[in-house]
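User: I am new to this structure and would like to work through it step by step. Please show it first, and then let us discuss it in questions and answers.

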Amino acid sequence: MMKGNEAIGEAAIVAGCRCFFGYPITPQNELPEYMARRLPEVGGVFVQAESEVAAINMVYGAAAAGARAMTSSSSPGVSLKQEGISYLSACELPCVVVNMVRGGPGLGGIQPAQSDYFQATRGGGHGDYRTLVYGAASVQELVDLTIEAFDAADRYRNPVLLLADGILGQMMEPAVFPDSPPLPPPAKPWAVTGASGRPRNLINSLILQPDMLEAHNWRLMEKFRQIEEREVRWEEDQLDDAELVVVAYGTTARVVRAALGAARREGLKVGLLRPITLWPFPAQPLRRLKRARAVLTVEMSTGQMVEDVRLAVEGRLPVQFYGRTGGVVPTPREVLARIKEIAGELAQEAGGRK
Amino acid sequence: MKQVFGRPRVLNDVVMHYCPGCHHGVIHRLIGEVVDELGIAERTIGIAPVGCSVLAYNYFNLDFVQAAHGRAPAVATGIKRALPDRVVFTYQGDGDLAAIGTAEVVHAAMRSERITVVFVNNAVFGMTSGQMAPTTLVGQKTTTTPWGRDARVHGHPLRVAEMLAALYGPAYIARVSVHTPAQVMKAKKCLEKAFRTQLEDRGFSMVEFVSNCPTNWGLSPLDSVRWLEENMLKYYPLGEFKLPEEVA
């Protein structure tokens, strides 16, 4: 049994992360605290930075030097990291950034939220870029996705984001850790390590000629297209005969799963699509639904992922939304009520057609 | 025939973009000479700032990273902590280091990161065309202080060397200039001490160069040197503000 925040830390160490730069903010503090204890034991480096801005720039430096580097924060702090994430992506530097999302905007609250979905899935900082974004729904998945995040970051030389919230960060669940990452970290001949026996290396994102910057951006976009093709991940639960498909990720997916059981017991044909990658968004399963007559998106926000759901179904199905925000977690009862409401409307509609 | 003078090995044979009379070129050369003489080129990593000297990465044949505005000391921290046996230096102007990057340099100094900061203070934002910097002198005209810096509106200029020397962390802090041949020689000695401070693992080191900006000061190169001597050096006295015992 392990706390989610600490499980991320141990998984990062298994993945070969030896540089962690943190800054306190609730609800992720157990992660930097864990790294402060554990990293020195494995010959790693923990630095508590003066700000989230400094922490992400320390990550930028360590990643430029070829290390597997990580930082974590929560929503207001992740806003501050966006400058650095843009530079990391522009310079094609790998790193992992954890966001234990809390209610916003502004200082907001400290309770669970999913209101950073837009920020996470649209790049977040300035310029044309994307980051691979995972949304975990259990402590075991935090472990697995952390290890995969380092792997994917190195493979695509791009920052990877891991999103969860205070519930997942602080809950204790059993978790199994592999002994080593599935792949050894790749060689990084581009890293700045001192130009010894090779031409010097340069890590830079200043490209003053528009045609060259345009070419650079299209090359990055080609990489993002590959990520879209290869890395999209989701979980399906009883979608085959579902007339109503609920889309939810992270903590909200757990709530929906509880509501789903109750709905099925009442004979309602409801299924769940749980995106595991938030970007790239799993549009494919929504495009090949056969029996579905409506989609319901449930989020802890005023409606962000629902826009990706609408883009995916392209108007072929009505898309409903149910959201709680500001740190309020929806209950299975609330979700079940909304499911029944929509199921009722569908039945009425079917009756009307007869 | 014995060659007694030439371009430092780590300086590339390229035309620099700096304006005529600007001191960046001299300061680059001094870094090149010190890196050559210490024999550390193959394990040195430089960090370029945002500002006039952003293109420094084109002039040094060294591994280089370009950092976001003001963040060079944090980037240097990341590199040095990942690779503690390398030599890491930042090259930063006063807009970069003393305005947007104040927190980063103060905390790198406080932690006594084993890095060397080369700080070039010419009392204006140069690349963005001469706006007021935190280091702009009271009364000095800039594009954002068209009637001269008014201390009641913008306060008094920041003395970075004195500020950092007041901290426990730094090992070596000096302020130098390169406006006369004698000062160039002194500046080189200080720069060498700063790099030696890092090589001997004594702590954070910074050399502040009181520099010029003929273009944005609206002066000829020669007049800019006179102005520097008569105005800058009064407010920014030269000297060593902090020394580790053995380096002193």
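User: In what order do the five strands of the open sheet of chain A run, and is the pairing mixed?

Analyst: The model is a predicted one. In chain A, five strands make up an open sheet whose pairing is mixed. β10 (234–237) and β15 (319–323) of chain A stand at its edges; each has a single partner strand, so one side of each lacks a neighbour in the sheet. Neighbouring strands of this sheet are turned by 20° against each other on average, direction ignored, and the order of the strands is β10-β12-β11-β14-β15.

User: Which residue stands opposite A:Val246?

Analyst: A:Val246 can be placed through the pairing of strand β11 (residues 244–247) with strand β12 (residues 270–275), both of chain A. These two strands pair in the parallel sense over four bridges. Within β12(A), the residue opposite A:Val246 is A:Leu272.

User: What angle does the direction of helix α11 of chain A make with that of β14(A)?

Analyst: Two helices of chain A can be described here. Helix α9 (residues 250–265) of chain A packs on the sheet and touches β10, β11, β12 and β14 (294–299), its direction making about 165° with that of β12(A). Helix α11 (residues 305–313) of chain A also packs on the sheet, touching β11, β14 and β15. The angle between the directions of α11 and β14(A) is about 160°.

User: Which strands are the edge strands of the open sheet of seven strands in chain A?

Analyst: This sheet has mixed pairing and the order β3-β2-β4-β5-β7-β6-β13. From one strand to the next, the twist averages 20°. β2(A) and β3(A) pair in the parallel sense over four bridges, and A:Phe21 has A:Val47 in β3(A) as its bridge partner. The strands that pair on one side only are β3 and β13 (277–279) of chain A.

User: How many residues of domain 2 of chain A are in contact with domain 1 of chain A?

Analyst: Chain A is divided into domain 1 (2–230) and domain 2 (236–353), and their centres, taken over C-alpha atoms, are separated by 30 Å. On the side of domain 1 that touches domain 2, α5 (117–121), β6 (132–135), β7 (159–165), α7 (166–170) and α8 (210–230) of chain A give two or more residues. By class, that side has 15 nonpolar, eight polar and four charged residues. In total, 27 residues of domain 1 are in contact with residues of domain 2 of chain A, whose number is 22.

User: Which element gives the largest share of the side of chain A that touches chain B?

Analyst: The contact takes 32 residues from chain A and 28 residues from chain B. The side of chain A has 19 nonpolar, ten polar and three charged residues. Elements giving two or more residues to it include β2 (19–22), α4 (75–90) and β9 (202–203) of chain A. The largest share, eight residues, comes from α3(A).

User: Which residue of chain B stands opposite A:Leu202?

Analyst: β9(A) pairs with strand β2 (residues 63–66) of chain B in the parallel sense, over two bridges. In β2(B), A:Leu202 has opposite it B:Phe64.

User: What radius of gyration does chain B have?

Analyst: Chain B comprises ten helices and nine strands, and 55% of its 248 residues count as buried. Its C-alpha trace spans about 50 × 50 × 30 Å along the principal axes. A compact globule with 248 residues would have a radius of gyration near 18 Å, which agrees with the value for chain B, 17 Å.

How values were computed
Residues are numbered from 1 along each chain as its sequence is written. Chains are lettered from A and ligands numbered from 1 in the order in which they are written. This is a predicted model: local features need pLDDT of at least 70, side-chain atom pairs count only at pLDDT 80 or more; totals for chains, interfaces and linings use all residues. The radius of gyration is taken over C-alpha atoms; the globule rule is 2.2 Å times the number of residues to the power 0.38. A residue is buried if 20 or more other C-beta atoms lie within 10 Å of its own, exposed if 12 or fewer, and partly exposed in between; C-beta atoms are placed from the backbone. Two strands pair if DSSP finds at least two bridges between them. Axes are lines fitted to C-alpha atoms, for helices over the stretch in contact, and angles run from 0 to 180 degrees between N-to-C directions. Two residues are in contact if their C-beta atoms, placed from the backbone, lie within 7 Å. Ala, Val, Leu, Ile, Met, Phe, Trp, Tyr, Cys and Pro count as nonpolar, Asp, Glu, Lys and Arg as charged, and the others, Gly among them, as polar. Domain bounds come from an automatic or database domain assignment.
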